[in-house]
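Please open the model in a viewer and keep the selection tool at hand. The tour proceeds from paired charged side chains to a pocket.

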Amino acid sequence: MNRAGGSRTRARAQRLQSAPNTPDWGATVLFLATLFVTAFFLDGRSSYAVAHRAAIGVGIGLGGLTLLEMRHSWRHLFRADLMAMAALYFLTLFEFWFSQSAFANQITAPLVQQGAELVLWGFGGLALGRHFVPGPSQKVTRLMRQPTPPSLIVGVFWVCMGIGYLYMLLAVNFNLVAMVEYMLEPRFGRPWGRGRLGGWWALVHELSLFKYLVPPLAGVVFARRQRYSTGQTLSVTGGALFVLFDGFASGTRHVFGIYLLTFLVGYSFALPHGKWKKAAVVSGAGALLMYWATSVMLAFRGIGLGAYVALGGSSRYLEGKSGLFIDYNLRNISQLTEAFPEPYGYLGWEVPYWALVKPIPRALWPGKPTGLSTGIEEALGAEGLTLSTTFVGEAYMAGGTVGVVLIATVLGMLCSWWTQHLTRRNSDLGILVYASGFFAIAVGMRSMFWVTTGMLPAVAAVVGGTILLRQYTSSRPQRAARAVH
């Protein structure tokens, strides 16, 4: 009996250790059932009533899914697939928990119902796709478990800071004061805009992606600060606060949100086992900060943070809006159902093709397409503006409801594949690599055209980490020999 009991205990411990890598089928079935019930009751007298019902139904289902996934460990909250669904929910439905009088006057209820149904199909594809994935990459897994000295982590932090801000520094002739002053100006009036560089200088602008490695690195250092000296911790704190300030001052909410998300992922996974209360407090503070920033950043992004502060924190931008306003992506998705398939016709493979080639610099490929034959703004009659429809709207442009399901399933597979690289044995570098992948996940929910670009920080972390660890490992015998002599 003791042997049998010991075997069951060991088997259970092994299941718990591997649990973060395996999505729960029971949770998925419950979530899909909730989506079906939501779709069945998806009607209302007004467009807001329809959106509100969708927000409640999907919110309840997503909450139940998350609770079931967290039965064995609170770290399951930071599974890549769960974060993807949470990001899609935030971008499409979360704002409709609150009163939206402006929304009710902009679109009809039947049209919103069509858009909401597409969103439900997107959630269903993500939930199912996460169960059909190949095994993890052994090379990446070995890298993520390789012990990493604190000095190397801090060195990588400052290398990422330097490379990430190089394009800004070049634009202001390395004048740090001028750079900060421009950060306080409206985002389209800054001298480092990508369109102003052009040609080979556009490659320098792409190096800004290294900034997305700074927050997760800072999260790792804060969580394991006993391994780092006071000077190292303070220097990382200063750098991380500067990046958060930059993201906030930009007025671009998804950038600031990604900084917060990757910091929280790095921090939570780097905490010792059993420190879930610390993770809960820090994550709660991060959620409240994002909630506050969602409205404030809208208020000043057209006039700049400096002018907003000078006006005493007031703006006319939000006058006439009630509740929490994000982007009305659901409205844009719904309106696309009037433009596709008629009069424009589905775009087919043109959409995923553009998503794949987007990261290739035009300096290396002068003949690269300039965009879709029919863009979102053109289809919705809003040329001159920038509209977001999340990947759901873009997938619908490609192939209707079938396109939404297929692309959502592929994204769910990618998210679940990335989660398989997560174990408790991951080193500081391993946690950085894992957290850096959340940039692609979060930005991919906003637009599938940025998935491949969003992968670049994770690729840089893998390649750079491999090279640095190889050099560090090869130099250890030499340092030991010098110490002996």
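Does Arg71 count as buried or exposed? Select this residue in the predicted model: Arg71 counts as exposed, because its relative accessibility is 53%, above the 50% cut-off.

**First stop: Asp24 and Arg71**

Add Asp24 to the selection. Asp24 and Arg71 form a salt bridge, with 2.2 Å between the closest N and O atoms. The pair joins distant parts of the chain, 47 residues apart: Asp24 belongs to the loop between α1 (2–18) and α2 (25–40), and Arg71 to the loop between α3 (47–69) and α4 (80–92). Unlike exposed Arg71, Asp24 counts as buried, because its relative accessibility is 18%, under the 20% cut-off.

**Second stop: Glu69 and Arg130**

Next, select Glu69 and Arg130. Their side chains form a salt bridge whose closest N and O atoms lie 2.8 Å apart. Glu69 is in helix α3, while Arg130 is in the loop between α6 (109–129) and α7 (138–145), so the bridge ties together parts 61 residues apart in sequence. Both Glu69 and Arg130 are buried. Extend the selection to Arg79 and Asp81: together with Glu69 and Arg130, these residues are linked in a network of salt bridges.

**Third stop: Lys211 and Asp246**

Move on to Lys211 and Asp246, which meet in a salt bridge with an N to O distance of 3.0 Å. Here too, distant parts of the chain are linked: Lys211 sits in the loop between α12 (201–206) and α13 (214–223), and Asp246 in helix α14 (residues 230–249), 35 residues apart. Both Lys211 and Asp246 are buried. To survey further pairs, note that a search of the whole structure finds nine salt bridges.

**Fourth stop: the second largest pocket**

Which residues are closest to the centre of the second largest pocket? The pocket itself has a volume of about 440 Å³. Select Trp349, Pro352, Ile407, Val410 and Met448: of the 18 lining residues, these are the closest to its centre. Then colour α19 (350–357), α21 (390–419) and α23 (451–454), the elements that each give two or more residues to the lining. The greatest contribution comes from α21, with nine residues.

Finally, colour the lining of this pocket by residue class. There are 14 nonpolar and four polar residues, and no charged residues, in the lining of the second largest pocket.

Conventions: Residues numbered from 1 in each chain as written. Predicted model: local features only at pLDDT ≥ 70, side-chain atom pairs only at ≥ 80, totals over all residues. Heavy atoms only, no water. Salt bridge = Lys/Arg side-chain N within 4 Å of Asp/Glu carboxyl O. Helix = DSSP H or I, 4+ residues; strand = E, 2+ residues; numbered from the N terminus. Buried < 20%, exposed > 50% of the residue type's maximum accessible area, 1.4 Å probe, protein only. 1 Å grid on protein atoms, 1.4 Å probe; cavity = no way out; pocket = protein on both sides within 12 Å on 5 of 7 lines; lining within 4 Å. Points joined across faces, edges and corners; volume = space filled by probe spheres on them. Nonpolar A, V, L, I, M, F, W, Y, C, P; charged D, E, K, R; others polar.
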